[in-house]
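Subject: Handing over a structure

Dear colleague,

I am passing on a structure that you have not worked with before, and I would be glad if you could look through it alongside the notes below. The sequence and the model come first, and what was found follows.

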Amino acid sequence: MAESTEKGATLFSPYKMGKFNLSHRVVLAPMTRCRALNGIPRPALATYYAQRSTPGGFLITEGTLVSPTAPGFPHVPGIYNEEQVEAWKMVVDAAHANGAIIFCQLWHVGRASHQVYQPGGVAPISSTDVPISGRWRILMPDGSYAKYPKPRPLQTYEIVEVVEDYRRAAVNAIRAGFDGIEIHGAHGYLIDQFLKDGINNRSDEYGGSLANRCRFLMEVVQAVSAAIGAERVGVRISPAIDHLDATDSDPLNLGLAVIERLNKIQEDVGEKLTYLHITQPRYTAYGQTESGKAGTEDEEAELLRTWRKSYEGSFISSGGFTRELGLQAVAQGDADLVSYGRLFIANPDLVYRLKVNAPLNKYIRKTFYTQDPVVGYTDYSFLNKGTGSPDPHSRL
């Protein structure tokens with residue numbers, strides 16, 4: 001059974017997440033921001049993460065590419081070569097200087113890419129040869145949108161090479177100074193393309209049964225844990241999310257199957273993973289249910305509650321949380337920590353604002369994925385100190 005949240009805990013109570021002592025439970029969610037020009041973290045990233053750092057706070061970076069085949073957005077950072085590793089060090093140092101703990105989210109988009117992002121202009125890789133449907137569009141380097149192309153299914157023998165990409169990226173993250181890594185297994189990207197039966201149509205040992213569909217994720221978790229230690233590894237999944245056509249016929253049991261295997265890995269290696277991070281079904285990229293098939297709030301809450309009770313470790317929930325919903329989730333024991341995305345974009349001092357129940361800045365959606373190093377990125381104001389404070393949370 002999961003560790004129960006202590007009686008009387010709030011969103012602002014301390015929490016011990018594995019080996020890490022957190023001063024509160026408000027987490028910076030991983031969010032693509034497209035500010036790493038040509039895939040290299042720039043000084044603007046150091047400013048951005050430092051602004052959102054608090055003593056004992058927990059940050060998860062934007063999705064960070066594990067290989068040259070991994071991108072599906074313009075100007076997203078990687079962590080597969082030396083120049084990237086060196087550039088990340090200034091970002092990590094900036095977060096650590098403000099007392100934060102920071103994990104690097106490891107990402108491969110799989111079929112959610114385009115030939116323009118692929119080495120040699122080839123088709124993107126996936127579990128399948130079925131493209132993402134026309135109701136979705138991919139952001140191109142020039143700011144326009146295009147249809148997703150037909151992907152190339154990975155050959156069975158190639159999968160071990162992709163697992164190695166994740167392992168190497170995890171090692172690089174630790175070399176860059178990160179406290180750990182999160183494996184992005186959610187939201188219709190590569191790992192999710194293996195997990196979901198609405199996408200995975202393979203007939204080899206990575207397709208068909210639940211056990212087979214979980215195999216790729218588990219191989220990644222095992223390889224990464226062996227390389228850097230399970231106590232530095234988090235996993236993010238979204239069994240009930242239909243983003244990018246990522247549907248499954250039985251999301252409840254898909255989530256339970258993943259959790260059962262993560263629990264077993266923890267038993268086998270004798271140490272717990274840092275956390276499991278699950279997205280609420282109410283999440284979509286555009287802030288509303290894309291399919292119109294989501295369940296009621298009670299049904300969604302019950303799904304999360306079932307997974308939370310089954311997982312033997314720290315549990316992070318994300319997806320459309322407000323202050324009130326975050327307080328409720330922790331107080332009821334439905335989550336140990338709550339991650340915030342869009343609210344954190346517009347409020348670098350979100351932790352403080354939530355704590356004192358202050359008004360929030362409104363986010364500007366049209367600047368989410370621009371390349372400007374300041375506008376819509378580091379220029380959102382702090383509550384009492386204007387913009388650009390090097391240490392906005394010293395009063396916490």
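At what angle do helix α5 and helix α6 pack, and how far apart are their axes? Please keep in mind throughout that this is a predicted model. Helix α5, which covers residues 210-228, packs against helix α6, residues 251-269, at an angle of about 40 degrees, and their axes are 10 Å apart. An angle of that kind makes α5 oblique to α6, and the crossing of the two helices is right-handed. On the α5 side the contact is formed by L210, A211, R213, C214, L217, M218, V221 and Q222, which meet N253, L254, A257, V258, R261, L262 and I265 of α6. Sorted by class, the residues of this contact are eleven nonpolar, two polar and two charged.

A second pair of helices can be described in the same terms. The axes of helix α1 (residues 43-51) and helix α2 (residues 82-97) come within 8 Å of each other and cross at roughly 20 degrees, which makes α1 roughly parallel to α2. This crossing, too, is right-handed. In α1 the residues P43, L45, A46, Y49 and A50 take part, and they meet W88, M90, V91 and A94 in α2; the contact of α1 with α2 has nine nonpolar residues, with no polar and no charged ones.

How many of the nine residues of α1 are buried? Seven of them are, so the helix is largely enclosed by the rest of the structure. The buried residues are A44, L45, A46, Y48, Y49, A50 and Q51, and what covers them includes β3, β4, α2, β5 and α9, the last of these being residues 342-346. Three of those strands can be placed further, since α1 lies across β3 (26-28), β4 (58-65) and β5 (101-107), and runs at about 150 degrees to β4.

The strands bring us to the sheet. Eight strands form a closed barrel, which runs β3-β4-β5-β10-β11-β12-β13-β14 with parallel pairing. On average, and with direction ignored, neighbouring strands of this sheet are turned by 25 degrees against each other. As background, strands of a sheet pair through backbone hydrogen bonds, either parallel or antiparallel.

Within the barrel, strand β10 (residues 180-185) deserves a separate paragraph. This strand is mostly covered, with six of its six residues buried. G180, E182 and H184 point one way from β10, while I181, I183 and G185 point the other way, and all of them are buried. In general, the side chains of a regular strand alternate between the two faces of the sheet. With β5, strand β10 runs parallel and is joined by four bridges, and in this pairing C104 has I181 of β10 as its bridge partner. With strand β11 (residues 233-237), β10 pairs in the parallel sense over five bridges, and here the bridge partner of E182 is G234 in β11.

Further along the barrel, strand β12 (residues 275-279) and strand β13 (residues 315-318) run parallel and are joined by four bridges. One bridge partner to look up in this pairing is S317 in β13, which is the partner of I278.

With kind regards

Note on methods: Residues numbered from 1 in each chain as written. Predicted model: local features only at pLDDT ≥ 70, side-chain atom pairs only at ≥ 80, totals over all residues. Heavy atoms only, no water. Axes fitted to C-alpha atoms, helices over the stretch in contact; angles between N-to-C directions. Parallel < 35°, antiparallel > 145°, perpendicular 65-115°, else oblique. Left-handed = near helix turned anticlockwise from the far one by under 90°. Contact = heavy atoms within 4.5 Å. Nonpolar A, V, L, I, M, F, W, Y, C, P; charged D, E, K, R; others polar. Pairing = 2+ DSSP bridges. Buried < 20%, exposed > 50% of the residue type's maximum accessible area, 1.4 Å probe, protein only.
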